[in-house]
Amino acid sequence: MDWSFIQKYAPMYVEAAGLTLRIGIIGTGGIAHSHMRSYLQMDDVEIVGASDIVPGKARAFLDEFELNDVPAFENNAELLKLDLDGVSVCTYNTTHHICACEAMEAGVNVLCEKPMSVTLEQAVEMARTQKKTGKILTIGFQPRYGANMRMVKELVRSGELGRVYYVQTGGGRRRGIPGGTFVDKKLAGVGCLADIGCYALDMALNTVGYKRPVTVSAYSSDFFGKNPKYYNKGPFDVDDFSCALVRFEDDGAGFPHELGHAHGHDGRYVVPGHRGRPQGQVSQPAPELGRRMGWRHWRGLHVPRYRR
């Protein structure tokens, strides 16, 4: 399915038909506020309900946005009984898969926050449920739709770089290790790999067309999160650093992946092709784009120059 076509033309069809998309929000914590602010800027979207397992939390969330007449629930099943076109799943990482699957089974399209899930088995279940129900399931990898990443993808797909034989990607938080649900394994499932690593992986894989990986050699650690010098906000039981080398089936091309919460990783993204050798790097930081999209850990985009 050509998602770029849908992204470009679907809003036109909705507007032309005078349709209003009825949206519910599952989970009303921090990231749900970003979803709500975006939805409220869309004339063709109506928020019809929200749910959260914490008593009173969904009600307070809706009231915060002056949606006093919109119903709040403490049970997702009750929310899904409404006439919904789609839901945003903004719950803890470890519950993304069950909430998304329940919504699709109820006949509702899903925008699920990243990461997609915290285990391969959960992701497989989500994909199978999507195929079975025919509903839309999309994950919140918004950087792939930014001007920089679209430019890189178009450059790679055009053949201008030749065959891409190597991709380097990564990321980090300049503010250091986050607290709360990010570092609680029961809720987060995974640490920096799920928090920011999934963005870097998607950027690289989406650029080269999500080739099939055949081998992965990986490492993770938690030295900084368990050192009071770097983190003293409470218990810490997830990874704060990870790296990997991934190889693909077509020609053995691969990419190294490095990220961390406690490291000043610059988020460098390098895509060389076989036509000539890299001659340095052209940096396009795009700070204005980063601010506009709310990216807190965006440093820049690096595309190698080459000579034919």
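**Exercise 1. How many salt bridges does a search of the whole structure find?**

Solution. The model under study is predicted. A search of the whole of it yields 9 salt bridges. The exercises that follow examine some of them, and then turn to other features.

**Exercise 2. Determine how far apart Arg-59 and Asp-63 are along their helix, and state how accessible each residue is.**

Solution.
1. The side chains of Arg-59 and Asp-63 form a salt bridge, with a distance of 3.1 Å from N to O. This satisfies the cut-off of 4 Å for such a contact.
2. Both residues belong to helix H3, where they stand 4 residues apart; therefore about one helical turn separates them.
3. Arg-59 has a relative accessibility of 27% and counts as partly exposed. Asp-63, at 31%, is partly exposed as well.

**Exercise 3. Identify the parts of the chain that the salt bridge between Asp-195 and Lys-114 ties together.**

Solution.
1. The closest N and O atoms of Asp-195 and Lys-114 are 3.1 Å apart.
2. Asp-195 is in helix H9, while Lys-114 is in the loop between strand S5 (109–112) and helix H6 (120–133); the pair therefore ties together parts that lie 81 residues apart in sequence.
3. Both Asp-195 and Lys-114 are buried.

**Exercise 4. Classify Asp-222 and Lys-226 by accessibility, and name the residues that shared salt-bridge partners join into one network.**

Solution.
1. Asp-222 and Lys-226 meet through their side chains in a salt bridge of 3.1 Å, N to O.
2. Asp-222 has a relative accessible area of 24% and is partly exposed. Lys-226, with 53%, is exposed, since the class begins over 50%.
3. Elsewhere, Arg-22, Glu-46 and Asp-83 are joined into one network by salt bridges that share partners.

**Exercise 5. Classify the ring pair of Phe-141 and Tyr-199, and locate both residues.**

Solution.
1. The structure contains 5 aromatic pairs. In the pair of Phe-141 and Tyr-199, the ring centres are 6.2 Å apart and the planes stand at 70°, so the arrangement is edge-to-face.
2. Phe-141 occupies the loop between strand S6 (137–139) and helix H7 (147–158), and Tyr-199 lies in helix H9 (residues 192–207); the pair thus ties together parts 58 residues apart in sequence.
3. Phe-141 is buried at 12% relative accessible area, and Tyr-199 is buried at 11%.

**Exercise 6. Name the residues of the nonpolar surface patch of about 280 Å², and describe Ile-53.**

Solution.
1. The patch is made by Ile-53, Val-54 and Tyr-92.
2. Ile-53 is found in the loop between strand S2 (45–51) and helix H3 (57–64).
3. With 65% relative accessibility, Ile-53 counts as exposed.

How values were computed: Residues numbered from 1 in each chain as written. Predicted model: local features only at pLDDT ≥ 70, side-chain atom pairs only at ≥ 80, totals over all residues. Heavy atoms only, no water. Phe/Tyr/Trp six-rings, centres within 6.5 Å; stacked < 30°, edge-to-face > 60°. Helix = DSSP H or I, 4+ residues; strand = E, 2+ residues; numbered from the N terminus. Buried < 20%, exposed > 50% of the residue type's maximum accessible area, 1.4 Å probe, protein only. Patch = residues over 30% accessible without salt bridge, like charges linked within 9 Å, V, L, I, M, F, W, Y side chains within 5 Å. Areas by Shrake-Rupley, 256 points an atom, 1.4 Å probe, with all protein chains shown as cover.
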